[in-house]
Amino acid sequence: MNAAPVLLGYAALVGAAAPRLLLRSAWPHRAPALAVTVWLALTVTFVLALALASAQLATPTEHLHAGLVGLLHACGVGSGPAVPDPGTAGRLAVALPLLVLGAWAASVLHRLGRAGLLRARHRDRLDKVGAPCPRLGVTVLPHAVPGAYCLPGLRSRVVVSDAAVRLLSPRQLDAVVEHERAHVAGRHHLPLAAAEGFAALFRRLPLARHVRGQVALLLEMSADDRALRRHPDAVLATAMYAMAAGRAPEGAFGAAGASPAVLRMKRILGPRPAPHPALRGALASAAFAAPLLPLLVACPPGV
């Protein structure tokens, strides 16, 4: 039996229905790190389903007759017999999924490389105009607008404007720096690059339209949670309010930003009940199992 129709139906379900379900759920903002994992698991399982479906379409079966080559022949494309030789079908069955997986990997690596170059250039500028602050372990940048951001990756930096140093209290400043350190320690630039790479490759897909913004927001919430382990809610929220006009350079994580900051402040100052352990376990299991489902459909055990 050819599994292409099942795989394509599964990909459509993941690409269109799953994002709507996640956006309507309340639990992602209560467990942001887990929600990031679920969003990225959806992108992985979608790509695998698409790649495996392309391999199945290239393989002739009794149900789909000559597979993809036969379909092209029926549409008047190509010449020769409608049923391809096994060598042609085998080469297509390998080449098509490799093309899908290669395009996905190239898109993610392009985002990683581009962001890395931008951060490297920005670090060079910081070395010229910024001043190290040993007490905070940050680089202070002359700027009229209060703000803070980090440059993750190799030679990571946490950057705070001198306006923020003057405006914020010591406790507020410590909370902001802790938030930025959470981005660096969690390597948050990697899941963000994965989301951006997927979004760039499948622009019109509902999953692609939402994954980048949702992952970025959830990573900010995850960094908030780390800062809140050491600092009171009101300290971080008031610091975010004071820096709401700040904007991080491209390739960096910022502590502010008007629209997400409002949502994050409401979350910080409101109740944040953790999801039930059973729900967390079920969601973690689903995130782990989702990328395996296309493999099980394409290569069922015992076949």
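Let's start with Phe-198: this residue is buried, with a relative accessible area of 0%. Keep in mind that we're looking at a predicted model here.

**The aromatic cluster**

Phe-198 has company, since ring pairs link Phe-46, Phe-198 and Phe-202 into a cluster. Across the whole structure, the search turns up 3 aromatic pairs. One of them is Phe-46 with Phe-202: the ring centres sit 5.2 Å apart and the planes meet at 80°, so this pair counts as edge-to-face. Where do the two partners, Phe-46 and Phe-202, come from? Phe-46 belongs to helix 2 (residues 32-57), while Phe-202 is in the loop between helix 7 (189-201) and helix 8 (206-228), so the pair ties together parts that are 156 residues apart in sequence.

Phe-202 also pairs with Phe-198, and that pair is tilted, with 4.9 Å from centre to centre and 40° between the planes.

How about burial? Here are the three rings of the cluster, each with its relative accessible area:

| Residue | Relative accessible area | State |
|---|---|---|
| Phe-46 | 6% | buried |
| Phe-198 | 0% | buried |
| Phe-202 | 16% | buried |

Phe-202, at 16%, still counts as buried because the cut-off is under 20% relative accessible area.

**Strand 4 and its neighbours**

Now over to the strands. How many of the residues of strand 4 (residues 157-161) are buried? The count is 5 of the 5, so strand 4 is largely enclosed by the rest of the structure. Its side chains go two ways: Arg-157, Val-159 and Ser-161 point one way, Val-158 and Val-160 point the other way, and all are buried. Yes, that list of buried residues includes Arg-157.

Strand 4 has strand partners too. Strand 2 (residues 138-141) runs parallel to strand 4 and is joined to it by 3 bridges. Strand 3 (residues 148-151) runs antiparallel to strand 4, with 4 bridges joining the two.

Val-159 is a handy residue to look at in both pairings. From strand 2's pairing, Thr-139 stands opposite Val-159. Tyr-149 has Val-159 as its bridge partner in strand 4 as well.

Finally, the turn: strand 3 and strand 4 form a hairpin, with 5 residues between them. Gly-153 is in that turn and has a positive phi of about 90°.

Methods. Residues are numbered from 1 along each chain as its sequence is written. This is a predicted model: local features need pLDDT of at least 70, side-chain atom pairs count only at pLDDT 80 or more; totals for chains, interfaces and linings use all residues. Side-chain values use heavy atoms; hydrogens and water are left out. Rings of Phe, Tyr and Trp (its six-membered ring) pair if their centres lie within 6.5 Å; planes under 30 degrees apart count as stacked, over 60 as edge-to-face and the rest as tilted. Buried means under 20% relative accessible area, exposed over 50%, partly exposed in between (1.4 Å probe, protein chains only). Two strands pair if DSSP finds at least two bridges between them.
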